[in-house]
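Modeller: What follows is an exchange about one protein model. Please keep the sequence and the three-dimensional view at hand.

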Amino acid sequence: MKVLVTGGAGFIGSTTCSALEDAGHTPIVLDSLVSGPEAFTRGRVFYHGDIADAALVRRIFAEHSDIAATLHFAARIVVTESVALPALYYRENVVGSLTLFETLLDLGQTRVIFSSSAAVYDSPADLRVDEQSPLKPLSPYARSKRMTEEMLEDLCAASQATASPMRAIALRYFNPVGADPQLRSGPYVADPTHILGRLMAAAQGRADGFTITGTDYATRDGSGLRDYIHIWDLAQAHVAALENFEGAFEAAARDGHGEVSFLPINVGSGNGVTVRELVTAFGEASPTPVTVREGPRRPGDSAGAHADTTRARDYLGWSARLTVAEAMQSAFAWEGVRGERFGSVAVVN
């Protein structure tokens, strides 16, 4: 299939583009390049622009009328930035998505796979969440993801009475780590906020150490608990969602959910790892020692949770296969080639 991939120059979007290509699909990338590097679009059809540019989106579909689905990754994603600049997150993540969805509806596009987040969940006592678990997004970033889910669900429901009813799958990501095993893409931000990136920066001397932010959570060692999923497994989940899109809704109906038009699905490893445990594992894999400190919780952080992935297995035929150790190996390998992966590319203006 040919697929529109918004945010396809980002870490997750570009890695998913590689997974799509490996599976025989053709990604059509739309990215503003506000954060994603242009180099990650190399060799792909690429449109430089914003998801809120309805005229550009219409042009893409006019030039690629055989696009079968939209994978919507484009978003601001830094929790601490969202706390400082909430209007930016609501404008770009929520309002921008609304414009995109309205354009897709007007074009008769019927399939959307939305990049959501496990940050929408509350932290239950057992720290395990399924798709019916209570929600409690704590940051503007997390709330922007939940708002977009609600908005998309409403738009899909209303479209069922039209000639081109839209349905959507919201993949609620847990914590992606690692790099494409073939080293076509990986983390690229100079000052990363995700945990493996901050550990790598400390190991390479680009930071003076690593701080465990929050040591008073109700977890087995006081640090936050997360579900770390290899980025390649996460990319494969998108391929599964695309290829099993219709089957997912049929499975939901058999599972007692009726004829739904919006389907949230957790994407994680299913295992909980504390920050302290991940730091220890990283230290064992790193060729250089990392100075570790303890600090207070960051605004918008929670104790965390890990995924119940039953729905992903039963509806999409997908489950995580790679380990955190393999993610670390790919991350170290990526650091060795990262400088070689950037260069000039052609852009569709």
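**From the surface to the core**

Biologist: Is Asp216 buried or exposed?

Modeller: The relative accessible area of Asp216 is 53%. The model is predicted, so local features need pLDDT of at least 70 and side-chain atom pairs count only at pLDDT 80 or more, while totals for chains, interfaces and linings use all residues. Residues are numbered from 1 along each chain as its sequence is written, and side-chain values use heavy atoms, with hydrogens and water left out. With a 1.4 Å probe and protein chains only, buried means under 20% relative accessible area, exposed over 50% and partly exposed in between, so Asp216 counts as exposed.

Biologist: Which side chain meets that of Asp216 in a salt bridge?

Modeller: A salt bridge requires a side-chain nitrogen of Lys or Arg within 4 Å of a carboxyl oxygen of Asp or Glu; here Asp216 and Arg297 have an N to O distance of 3.0 Å. Their loops, between β9 and β10 (225–226) for Asp216 and between β14 and β15 (306–307) for Arg297, place them 81 residues apart. Partly exposed, at 43% relative accessibility, is the partner, Arg297.

Biologist: To which strand do four bridges join β9?

Modeller: Helices (H or I, at least four residues) and strands (E, at least two) are DSSP runs, numbered from the N terminus. β9 spans residues 210–213, with Phe210 and Ile212 on its covered face and Thr211 and Thr213 on its uncovered one. Thr213 stands opposite Gly295. Two strands pair if DSSP finds at least two bridges between them, and the parallel partner of β9, at residues 292–295, is β14.

Biologist: What does the twist average from one strand to the next in the open sheet?

Modeller: The open sheet has seven strands with parallel pairing, in the order β3-β2-β1-β4-β5-β7-β12. β3 (45–48) and β12 (262–267) are its edge strands, each paired on one side only. From one strand to the next, the twist averages 20°.

Biologist: Which residue of β2 stands opposite Thr6?

Modeller: Strand β1 (residues 2–6) runs parallel to β2 (residues 26–31), joined to it by five bridges. Across from Thr6 in β2 stands Leu30.

Biologist: What angle does the direction of helix α5 make with that of β5?

Modeller: Axes are lines fitted to C-alpha atoms, for helices over the stretch in contact (heavy atoms within 4.5 Å), and angles run from 0 to 180 degrees between N-to-C directions. Helix α1 (residues 11–22) lies across β1, β2, β4 (67–72) and β7 (167–173), at about 165° to β2. Helix α5 (residues 140–159) also packs on the sheet and touches β5 (111–117), β7 and β12; with β5 its direction makes about 155°.

Biologist: Which element gives the most to the largest nonpolar core?

Modeller: A nonpolar core is a set of buried Ala, Val, Leu, Ile, Met, Phe, Trp, Tyr and Cys residues joined through side-chain atoms within 4.5 Å. The largest has 38 residues, and those with the most contacts inside it are Ile169, Leu171, Leu263, Ile265, Leu316 and Trp318. Elements giving two or more residues include β1, β7, β12 and α8 (245–257). With nine residues, the element that gives the most is α7.

Biologist: In which strand does Arg172 lie?

Modeller: Arg172 forms a salt bridge with Glu149, at 2.7 Å from N to O. Because Glu149 lies in helix α5, the pair ties together parts 23 residues apart in sequence, and the strand of Arg172 is β7.

Biologist: What is the relative accessible area of Glu92?

Modeller: Glu92 forms a salt bridge with Arg76, the closest N and O atoms being 3.0 Å apart. Glu92 lies in helix α4 (residues 86–106) and Arg76 in the loop between β4 and α3 (79–84), so the pair ties together parts that are 16 residues apart in sequence. Glu92 is partly exposed, at 30%.

Biologist: Within what arc do the buried residues of α2 fall?

Modeller: Helix α2 (residues 54–63) buries Leu56, Val57, Ile60 and Phe61. Taking the directions from the helix axis to the C-beta atoms, these residues line one face of the helix because they fall within an arc of 135°.

Biologist: Which residues are exposed on the other side of α2?

Modeller: The cover over the buried residues of α2 includes β1, β2, β3, β4 and α4. Exposed on the other side are Ala55 and Ala62.
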